[in-house]
Amino acid sequence: MKLCMIGTGYVGLVSGVCFSDLGNDVVCVDKDENKINKLKKGIIPIYEPGLEELVKKNFKNKRLKFSTDVNDSVKKSDIVFICVGTPTKKNGSEADLSQIYSVANEISKSINKFKIIITKSTVPVTTGDNIEKILSKNADKNKFSVVSNPEFLREGEAIRDFIYPDRIVVGSNDKRSMVILKNLYSPLISKGAKYISTNRRAAELIKYASNAFLATKITFINEIANLCEKTAIDVEDISIGIGLDKRIGSRFLRAGPAYGGSCFPKDTKAIVSTAKKFNTNLSIIKSVINSNSLRSKLLLKKVSNILNNKFKNKKICFLGVTFKANTDDMRDSSSLEMIPYLSKKGAKIKYYDPTGFKNDFNNLKNVDFSNSISDAVKGSDLVILHTEWNDFKSINFKKMRPSKNLKIYDMRNIFSPSKIKSQGFKYFGIGR
Ligand SMILES: NC(=O)c1ccc[n+]([C@@H]2O[C@H](COP(=O)([O-])OP(=O)(O)OC[C@H]3O[C@@H](n4cnc5c(N)ncnc54)[C@H](O)[C@@H]3O)[C@@H](O)[C@H]2O)c1
């Protein structure tokens with residue numbers, strides 16, 4: 001099939017490349033010329049394991065193309081995926097759909113034959129109805145179908161998640177597009193992927209309800225961890241003890257910093273806003289948002305206790321600054337709240353991240369990037385393990401010449417407290 005992905009970010013690029021690898025002709029479009037030029041040269045703009053090889057392979061065999069021309073690309077395609085951003089509105093909490101509607105407007109001018117227009121972006125329930133109205137202004141209603149096919153890939157595992165998804169959700173109000181989409185996904189269905197077809201609004205809501213539920217699970221275990229700290233219990237035992245109950249499940253029960261990233265913070269806020277429009281109070285999700293927004297302050301209070309309230313000139317090392325491992329995504333990472341706070345308090349911060357230097361900390365006083373773990377740890381009074389990269393799991397801190405009284409605040413519980421203690425250092429974890 002001839003596919004067009006509009007928006008070549010984490011979702012558009014990964015799903016475009018994977019669809020081309022399944023044998024489709026795919027053009028990935030973006031308005032960012034720089035990004036498209038880089039991709040044409042084989043330079044991948046994001047960090048995602050396995051992505052580079054797949055891009056190069058499919059670009060070489062000409063099943064994958066890159067373009068900045070939306071109109072031409074839409075005209076040549078049978079299926080158009082909208083994969084642009086849906087961030088939170090400035091000074092608000094609802095989703096900003098301006099990128100979606102602007103793309104819909106552009107597409108409407110290029111409908112020269114029957115096309116399926118799909119939202120892969122996460123969009124609030126009823127957005128598909130609005131896209132349909134926009135398209136109808138310039139195009140004949142019989143020449144298009146608007147479908148919701150939300151994306152569930154996780155950054156860092158995106159390619160695996162595309163090929164072996166827990167489920168594929170397709171929401172459509174017409175049979176013709178249902179048949180075409182089932183055909184498009186048939187290589188994955190034949191490998192065992194569960195395929196759910198439903199109506200368009202339901203598919204839109206499935207995505208938000210999933211993210212809100214996962215955010216709730218993380219926040220739940222984070223609050224239980226707070227109780228564990230007061231009662232001398234290791235939250236890891238609680239996670240195992242409750243996770244083995246099949247009704248609960250063990251995933252997303254790892255206590256740690258506030259959830260971040262490009263999805264949970266914005267999607268929890270957006271679903272609450274959508275519900276408000278429909279006079280519904282999502283009190284549980286509101287409470288999750290509130291709890292999560294206080295989480296970094298709570299962990300910073302513990303940092304203050306660890307340092308006996310003395311921040312001035314304290315050498316603090318951050319290991320990992322992205323919101324989770326295996327991605328370069330800094331969006332809503334809790335390090336963006338913690339590092340500026342500690343810098344303001346007078347601490348001297350060095351950070352190391354396997355995905356390199358981050359512009360986000362450019363203008364902060366006494367915040368420097370180290371290009372190795374050992375350089376970051378050297379001379380430190382406090383190491384904050386912020387992101388759970390495998391690279392950090394077996395560090396021998398003794399060999400890295402930290403301060404004699406090094407303290408380690410393991411915000412992901414990846415170290416063994418007894419091993420750290422046996423190296424002669426003080427260990428602090430989350431909920432243990
Ligand atoms: N990142 C994830 O892990 C993930 C997972 C599932 C769903 N989603 C959802 O998918 C959507 C996209 O997320 P992302 O992380 O890929 O975003 P992103 O910011 O990485 O990519 C969006 C791209 O769209 C491009 N764009 C914007 N307007 C355009 C236009 N008019 N024409 C062409 N290109 C345009 C931007 O230049 C950008 O490259 C969001 O709704 C997000 O919530 C993201």
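Q: What does Glu157 count as at its relative accessibility?
A: This is a predicted model in which local features need pLDDT of at least 70 and side-chain atom pairs count only at pLDDT 80 or more, while totals for chains, interfaces and linings use all residues. Residues are numbered from 1 along each chain as its sequence is written, and side-chain values use heavy atoms, with hydrogens and water left out. Buried stands for under 20% relative accessible area, exposed for over 50%, and partly exposed for what lies in between (1.4 Å probe, protein chains only). Since its relative accessibility is 34%, Glu157 counts as partly exposed.

Q: Which residue forms a salt bridge with Glu157?
A: A salt bridge needs a side-chain nitrogen of Lys or Arg within 4 Å of a carboxyl oxygen of Asp or Glu. For Glu157 the closest N and O atoms of the pair are 3.9 Å apart. The partner is partly exposed, with a relative accessible area of 25%. The residue is Arg154.

Q: How many residues apart are Arg331 and Glu155?
A: The side chains of Arg331 and Glu155 meet in a salt bridge, at 3.9 Å from N to O. Arg331 is in the loop between strand E9 (315-319) and helix H14 (335-344), and Glu155 is in the loop between strand E6 (144-148) and helix H7 (158-163); helices (H or I, at least four residues) and strands (E, at least two) are DSSP runs numbered from the N terminus. The pair links distant parts of the chain, and its separation is 176 residues.

Q: Is Glu155 buried or exposed?
A: Its salt-bridge partner Arg331 counts as partly exposed, at 42% relative accessibility. The value for Glu155 is 9%. Because buried means under 20% relative accessible area, Glu155 counts as buried.

Q: What is the N to O distance in the salt bridge of Asp161 and Arg160?
A: Asp161 counts as buried at 11% relative accessibility, whereas Arg160 counts as partly exposed at 47%. Their side chains meet in a salt bridge, and the N to O distance is 3.6 Å.

Q: How many salt bridges does the count come to?
A: Among the bridged residues, Asp129, Glu132, Arg200 and Arg201 are linked in a network. By the same nitrogen-to-oxygen rule, the count of salt bridges comes to 23.

Q: Which residues form a positive surface patch?
A: Patch residues have over 30% relative accessible area and no salt bridge; like charges are joined within 9 Å, and nonpolar side chains (Val, Leu, Ile, Met, Phe, Trp, Tyr) within 5 Å. Lys365 is exposed, with a relative accessible area of 64%, and is found in the loop between strand E10 (348-352) and strand E11 (367-369). The positive patch is formed by Lys312, Lys315, Lys348 and Lys365.

Q: Which residues does Leu135 touch, not counting residues up to four places away in sequence?
A: Leu135 has its place in helix H6 (residues 127-138). Leu135 is buried, with a relative accessible area of 0%. A contact means heavy atoms within 4.5 Å. With sequence neighbours up to four places away not counted, Leu135 touches Ala104, Ile107, Ser108, Ile111, Ile117, Phe144 and Val146.

Q: How far apart in space are Leu135 and Ser145, C-alpha to C-alpha?
A: Leu135 lies in helix H6. Leu135 and Ser145 are ten residues apart in sequence, and their C-alpha to C-alpha distance is 9.7 Å.

Q: Which helix holds Asn58?
A: Asn58 counts as buried at 0% relative accessibility. Leaving out residues up to four places away in sequence, Asn58 touches Val17, Ser20, Asp21, Arg63 and Leu64. The helix, spanning residues 51-60, is H3.

Q: What is the relative accessible area of Asp21?
A: Asp21 lies in helix H1 (residues 10-21). Apart from neighbours within four places in sequence, Asp21 is in contact with Leu54, Lys57, Asn58 and Arg63. Asp21 is partly exposed, and its relative accessible area is 26%.

Q: Phi of Asp332 is near what value?
A: Most residues other than glycine have a negative phi. Asn313, in the loop between helix H13 (283-306) and E9, has a positive phi near 60 degrees. Asp332 lies in the loop between E9 and H14 and counts as partly exposed at 46% relative accessibility. Phi of Asp332 is also positive, near 55 degrees.

Definitions and conventions. Accessible areas come from the Shrake-Rupley method with a 1.4 Å probe; for residues, only the protein chains shown count as cover. Lys and Arg count as positive and Asp and Glu as negative; His and the chain ends are not counted. The place of a charge is taken as NZ of Lys, CZ of Arg, CG of Asp or CD of Glu.
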